[in-house]
Amino acid sequence: MLRSGRIIYTNDLPIYTAFDSGVVRYPGALVADIPTNLNAMLLDGRLDLSPISAFAWAKHADSLALLPDLCIGARNDVWSVVCVSRVPLAELDNVEIAVTRESASGRNLLRILLERRYGVRANFVEHPDPFAVAAQGKPALLIGDRAIDASLTFAPANVRDLGSEWHAWTGLDMVFAVWAVRRNVLTMHGDEVAGAMDALVVARQWGIEHRDAVVAAAQATYPRHAGYYAAYYDTLNFVFDAPARAGLKRYVEELFALGAIPRVPSVEPEVLVVSR
């Protein structure tokens with residue numbers, strides 16, 4: 001049985017509500033955690049397959065095979081990856097920015113935007129509660145549900161959506177998380193990996209067809225005003241299609257240009273073959 005991860009934020013519910021409600025069976029064990037912990041568990045062998053930060057996959061592509069069909073990304077706005085700052089990003093040179101430990105992709109996206117788009121270098125300081133830092137009027141990076149809280153709390157002019165910042169610069173999708181499997185697991189258990197991905201795709205389709213159930217699950221997890229989650233899920237993209245791959249390709253090229261990853265990996269996913 002494959003040990004598989006899932007992200008604990010509400011942004012995973014369009015895929016995982018089908019499993020939570022028992023409509024679709026996941027052929028493995030699911031472990032819920034924040035993205036950076038899932039990254040670590042996949043890399044050290046505590047997980048076999050998982051959604052993983054796009055940055056972590058790119059850095060460790062030699063040992064992690066990129067899987068087809070699924071991602072967590074945005075065509076433009078993302079809403080749940082934001083930098084709260086009273087001054088524009090272009091004015092953050094040598095400024096301290098509080099960052100969460102929960103996301104590698106978001107942190108590196110902010111670094112790319114600052115250094116490659118605006119030509120400034122900020123000082124990232126890990127903080128247990130970047131939201132509290134933002135509430136004090138200081139720059140902070142937030143992701144997931146706390147980023148949504150920030151978007152609903154602080155002045156809109158001070159909340160910089162990093163998905164829209166990326167799209168305005170590149171014209172491309174942004175992919176924050178991909179699904180990956182340890183290469184040795186893929187070699188030894190290819191049929192199980194294919195079965196897991198099939199179940200995830202079926203679950204995603206169920207989520208599309210039963211949006212009300214997904215929204216209800218999100219409201220039960222983290223209540224928002226009426227209509228919020230329906231609009232939020234419309235901003236997200238869960239299909240690892242050609243536009244998503246083009247965005248991921250540009251992202252890893254920018255990471256390499258910064259020296260953040262050792263090489264530019266291919267963004268073409270593994271072809272999963274089921275033995276008969």
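These notes cover one helix and the largest cavity in a predicted model.

1. Extent of α4. Helix α4 runs over residues 104-117 and has 14 residues. From its first C-alpha to its last, α4 reaches 19 Å. That is close to the 20 Å expected at 1.5 Å a residue.

2. Burial of α4. Of the 14 residues of α4, 10 are buried, so the helix is largely enclosed by the rest of the structure. Buried here means under 20% relative accessible area. The buried set begins with A104, S105 and G106. N108, L109 and L110 belong to it too. I112, L113, L114 and E115 complete the set.

3. After the helix. Look at G119, just after α4. This glycine takes a positive phi of about 70°.

4. The cavity. How many cavities of 30 Å³ or more does the structure hold? There is one. About 200 Å³ of space lies in the largest cavity. Its lining has 18 residues, and those closest to the centre are N11, P35, S103, I143 and F176.

5. Who supplies the lining. Three elements each give at least two residues to the lining of the largest cavity: β3 (49-53), α4 and β10 (174-182). Which of them gives the most? β3 does, with three residues. Helix α4 therefore appears twice in this note: it is largely enclosed by the rest of the structure, and it supplies at least two residues of the lining.

6. Character of the lining. The lining of the largest cavity divides into 11 nonpolar and seven polar residues. No charged residue is part of that lining.

Terms used:
Residues are numbered from 1 along each chain as its sequence is written. This is a predicted model: local features need pLDDT of at least 70, side-chain atom pairs count only at pLDDT 80 or more; totals for chains, interfaces and linings use all residues. Side-chain values use heavy atoms; hydrogens and water are left out. Helices (H or I, at least four residues) and strands (E, at least two) are DSSP runs, numbered from the N terminus. The expected span of a helix is 1.5 Å times one less than its number of residues. Buried means under 20% relative accessible area, exposed over 50%, partly exposed in between (1.4 Å probe, protein chains only). On a 1 Å grid over the protein atoms alone, a cavity is a set of points where a 1.4 Å probe fits but cannot get out, and a pocket is an open set with protein on both sides within 12 Å along at least five of seven lines; lining residues have an atom within 4 Å of a point. Grid points are joined across faces, edges and corners, and a volume is the space filled by probe spheres set on the points. Ala, Val, Leu, Ile, Met, Phe, Trp, Tyr, Cys and Pro count as nonpolar, Asp, Glu, Lys and Arg as charged, and the others, Gly among them, as polar.
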